[in-house]
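This report was prepared to accompany the sequence and the coordinates. It considers general composition, salt bridges and one pocket.

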Amino acid sequence: MGRKGDLLELIDSAPIGLRSLSGSLWKWTHHARCRLAIDEVSRSVNASVTHFGFGNPLGETSDEHLHVWADPPGRWRIESDGRVDMNNGGSRWIGTTAHVTENDGDGSRLDDTELGLLVHPAPHLFGVLHFEAPVEDEVAGRRCWRSTATIELGLSTARPMPLGMRLPGIDHSFWFDTETGIVLRHVGMIDNQPCSVIEFKSIAINVPNPDEIYQFKPSPDTTVVRQLDQLILMAETRGVDLTGVDRTDPDAVRRAAFDVMRPPLATPEARRETQR
């Protein structure tokens, strides 16, 4: 099969034998270069992008240090000095140190987080990137395969956009753990300059995480609001009549709120009339 084939099989099988992990992640972003990379990807798929995540009044770059724990697929905890994202297998808490939203049974997945993309890379990378043959390397004391990859611009679908937003760059380098296949480091490049980096500074594989890790204990200064309560407040603020709506069902409240804002569909007769 060759080394490239072995690499693709490793990525496709990840996370191999992974029951739990913990460690520290470092994220670095060059905001202007990230915007350029995202713009180039969006032009290739005829999409438009609002750069809400890459404006930083504090400087041209930013870095973030995260502590992470995960028992895939249903439990994880990702936190820094400024934010938290935690799921105990039934409820999810996500927000800042000052304000957290509690979601009960919202169907959220580890794949939707920055950690999930590293743990389960194949759905995000395959069909979007072209990989080169790997070479041996080491990250955080673990053996890995390093491979460069280029994003496939000009595809007839919008598939490159999600990856381009989450891992900005046109040219990429990945370091895949040879045992589990998870991504230990990623560097995104544009015009031979780095625009984004995410990497494990330390990592422990299959060392059991204590249950206390997944117990959400907000500080006294943290405001915790249920997503359901936020939906009800939004609906009432917009004048939505919730009579007959099950206020304990987030999906029912959401449908009631957005059905009011969505214009009614024209009848077939009305559509024919406008076409005359």
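The sections below take up the overall make-up, the salt bridges and a pocket in turn.

**Overall make-up**

The structure is a predicted model. The protein contains eight helices and 13 strands. Of its 276 residues, 42% are buried. Among contacts with a separation of 6 or more, 61% are between residues 24 or more positions apart. The protein has an accessible surface of about 14800 Å², and carbon and sulfur atoms account for 51% of that surface.

**Salt bridges**

The salt bridges number 13. Three of them are listed here.

| Acidic residue | Basic residue | N to O distance |
|---|---|---|
| Glu136 | Arg3 | 3.0 Å |
| Glu79 | Arg77 | 3.1 Å |
| Glu179 | Arg142 | 2.9 Å |

In the salt bridge between Glu136 and Arg3, the closest N and O atoms are 3.0 Å apart. Glu136 belongs to strand E8 (residues 135–139) and Arg3 to helix H1 (residues 2–13), so this pair ties together parts that are 133 residues apart in sequence. Arg3 has a relative accessible area of 38% and is therefore partly exposed.

The side chains of Glu179 and Arg142 also form a salt bridge, at 2.9 Å from N to O. This pair links distant parts of the chain, 37 residues apart: Glu179 sits in the loop between strand E10 (171–177) and strand E11 (183–190), while Arg142 is in strand E9 (residues 142–151). Glu179 is exposed, its relative accessible area being 51%, whereas Arg142 counts as buried at 16%. Beyond individual pairs, Lys27, Glu64, Arg83 and Glu114 are joined into one network by salt bridges that share partners.

Arg77, which pairs with Glu79, has a relative accessibility of 16%; because buried means under 20%, Arg77 counts as buried.

**The second largest pocket**

The second largest pocket holds about 180 Å³ of space. Its lining consists of 13 residues, and those closest to its centre are Glu79, Val84, Thr97, Phe216 and Lys217. Glu79 thus appears both in this lining and in the salt bridge with Arg77. Strand E3 (75–79) and strand E4 (83–88) each contribute at least two residues to the lining. By residue class, the lining comprises four nonpolar, five polar and four charged residues.

Definitions and conventions
Residues are numbered from 1 along each chain as its sequence is written. This is a predicted model: local features need pLDDT of at least 70, side-chain atom pairs count only at pLDDT 80 or more; totals for chains, interfaces and linings use all residues. Side-chain values use heavy atoms; hydrogens and water are left out. On a 1 Å grid over the protein atoms alone, a cavity is a set of points where a 1.4 Å probe fits but cannot get out, and a pocket is an open set with protein on both sides within 12 Å along at least five of seven lines; lining residues have an atom within 4 Å of a point. Grid points are joined across faces, edges and corners, and a volume is the space filled by probe spheres set on the points. Helices (H or I, at least four residues) and strands (E, at least two) are DSSP runs, numbered from the N terminus. Ala, Val, Leu, Ile, Met, Phe, Trp, Tyr, Cys and Pro count as nonpolar, Asp, Glu, Lys and Arg as charged, and the others, Gly among them, as polar. Buried means under 20% relative accessible area, exposed over 50%, partly exposed in between (1.4 Å probe, protein chains only). Contact means heavy atoms within 4.5 Å. Accessible areas come from the Shrake-Rupley method with a 1.4 Å probe; for residues, only the protein chains shown count as cover. A salt bridge is a side-chain nitrogen of Lys or Arg within 4 Å of a carboxyl oxygen of Asp or Glu.
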